[in-house]
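Visitor: Hey, got a minute to go through a structure with me? I'd like to start with how two helices sit against each other.

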Amino acid sequence: MSEIKRINLFSKQKKYLKIEQYFSWFRTAVIIWVIGFLTFIGFILISLFQQQQKLKTLDLQRKQYLAFLTRNNQIEAKFIFYKNKNAEFNNIMTNDVNFLPYYRVLNESLKFSTSAALLNTLTINKDRNTDFSILVEDYDTAFQFIKYAETDHFLKNFEALTLVEFSSQLNTKTLLTTTLDNQTRLITLSFKG
Amino acid sequence: MKIKIDRYILRVLKDHLGYFVLIGFISLMLIYLIIFYQQKSSQNNFAIATIEQQNADYQQRIKLINQQTILLKENIDLDKINMIMTALIPEKEDFFSIINALNRLSSLTNFQVTSYAINTASSTDKSLSIIISGEGDREAFLKFLEHYNLGGGRLITIDKIDYSETNSYSIKIKLNFYTSKTNIQTVKKMINFTEQDKKLIKKIESQFPAEMLIQTENNESGDLNIDYKTKSQLF
């Protein structure tokens with residue numbers, strides 16, 4: 001008796017069900033993918049639209065600003081002219097010796113140190129290099145001034161200060177005859193700063 | 001060896017062919033859109049940043065223009081100060097204005113300028129150097145040193161001063177007078193009008209010769225009056 005060949009439809013059922021399940025997930029994933037894609041397109045369109053809107057607003061603003069500037073260019077020109085002149089002015093003033101403030105500061109400092117010290121000479125150039133000499137009548141006053149010259153109160157007026165000469169001679173000059181006795185000494189302290 | 005493919009799988013794959021095509025198409029579109037979006041977005045952002053920067057600059061310039069009204073309330077007239085600046089640093093050298101400035105300084109300080117000589121060695125195309133001889137007492141000399149910068153109506157600088165304490169002064173000083181051609185077009189950078197500017201303007205106006213200011217205000221053409229007063233005794 002010949003054996004009848006039969007297809008067993010249920011033998012691989014478990015495997016087919018698994019495959020069917022995978023494809024079901026695949027379909028769901030494709031749908032999510034499509035939705036995500038459409039959302040992305042929406043995002044792109046909104047984002048680009050917003051950017052374009054912002055560009056339009058800014059461009060409109062720019063045109064308004066430009067129109068205002070064009071209407072008032074004469075006023076702006078005045079400011080520019082002033083600023084140019086101001087820059088030239090400040091640049092030129094750097095070449096000036098600006099003597100008087102330094103003279104006053106030095107004189108005030110001398111008065112503060114000792115009333116007996118007199119400013120004899122003062123040379124200042126535009127680079128603020130200073131040479132000055134002080135006249136005093138005796139050694140005590142001279143040392144008193146040197147002591148004062150070493151204090152911060154005096155030195156704050158100079159970046160550097162050096163005593164370059166200390167000379168003493170009998171007072172034969174007429175310069176201080178009103179304040180010094182003819183027999184006293186004239187002591188000159190020369191500084192460089 | 002022949003690979004045996006399950007008919008069921010083949011059928012299912014065939015049924016889902018549309019899905020595969022769709023996913024491939026969407027993937028390609030997505031890559032294209034990402035590239036397109038990045039390019040377009042960076043273009044837009046660059047344009048936005050550029051215009052924003054321009055607008056910020058324009059706003060700054062507008063703010064400056066609007067400042068003129070505020071300055072006028074504070075008695076700072078740009079027209080006037082520009083005329084003063086032009087008088088101090090004229091575009092072309094005007095020898096008569098130099099003589100006039102020396103004359104004004106002499107009258108103002110009592111430090112008499114007895115003679116002058118042009119120092120060609122120290123002069124340049126933008127500055128004229130003049131050596132003056134002056135006489136006066138200590139007070140006059142110190143007053144001269146206080147006012148020489150602006151008091152004559154021309155901007156004057158001195159390179160070096162050798163000062164000796166004495167009762168009367170007869171000294172030679174080298175004065176520098178300046179000229180400069182101001183081009184408005186060359187400066188288009190951002191301008192700020194600061195408190196320092198106001199202080200400088202007030203200082204210049206207070207030291208600039210009052211009679212020149214009156215002449216300036218009365219002159220409807222807006223130019224400085226260059227009809228100098230004649231002097232009875234030159235030096």
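Guide: Sure. This is a predicted model. Helix 2 of chain A and helix 6 of chain B are roughly perpendicular to each other, since their axes cross at roughly 75° and angles of 65 to 115 count as roughly perpendicular.

Visitor: And within what distance do the axes of those two helices come?

Guide: The axes of helix 2 (residues 73-93) of chain A and helix 6 (residues 195-207) of chain B come within 12 Å.

Visitor: Which residues meet there?

Guide: From helix 2 of chain A you have A:Tyr82, A:Lys83, A:Asn86, A:Phe89 and A:Asn90. Facing them in helix 6 of chain B are B:Asp197, B:Leu200, B:Ile201 and B:Ile204. By type, that contact has five nonpolar, two polar and two charged residues.

Visitor: What do the side chains of A:Lys83 and B:Asp197 do?

Guide: They form a salt bridge, 2.7 Å from N to O. The count between chain B and chain A is five salt bridges, and 30 residue pairs are in polar contact, both at pLDDT 80 or more.

Visitor: Which helix gives the largest share of chain B's side?

Guide: Helix 2 of chain B, with 32 residues. The side of chain B that touches chain A divides into 45 nonpolar, 20 polar and 14 charged residues.

Visitor: OK, zooming out: how much area is buried between the chains?

Guide: About 6900 Å², with carbon and sulfur atoms giving 69% of that. In chain B, B:Tyr8, B:Tyr37 and B:Ile65 lose the most area to chain A, together 10% of what that side buries.

Visitor: How many residues does each chain put in?

Guide: Chain B gives 79 residues and chain A gives 65.

Technical notes:
Residues numbered from 1 in each chain as written. Chains lettered and ligands numbered in written order. Predicted model: local features only at pLDDT ≥ 70, side-chain atom pairs only at ≥ 80, totals over all residues. Heavy atoms only, no water. Axes fitted to C-alpha atoms, helices over the stretch in contact; angles between N-to-C directions. Helix = DSSP H or I, 4+ residues; strand = E, 2+ residues; numbered from the N terminus. Parallel < 35°, antiparallel > 145°, perpendicular 65-115°, else oblique. Contact = heavy atoms within 4.5 Å. Nonpolar A, V, L, I, M, F, W, Y, C, P; charged D, E, K, R; others polar. Buried area = accessible area lost by both parts, 1.4 Å probe. Salt bridge = Lys/Arg side-chain N within 4 Å of Asp/Glu carboxyl O. Polar contact = N/O pair within 3.5 Å; in protein donor to acceptor, adjacent residues only side chain to side chain.
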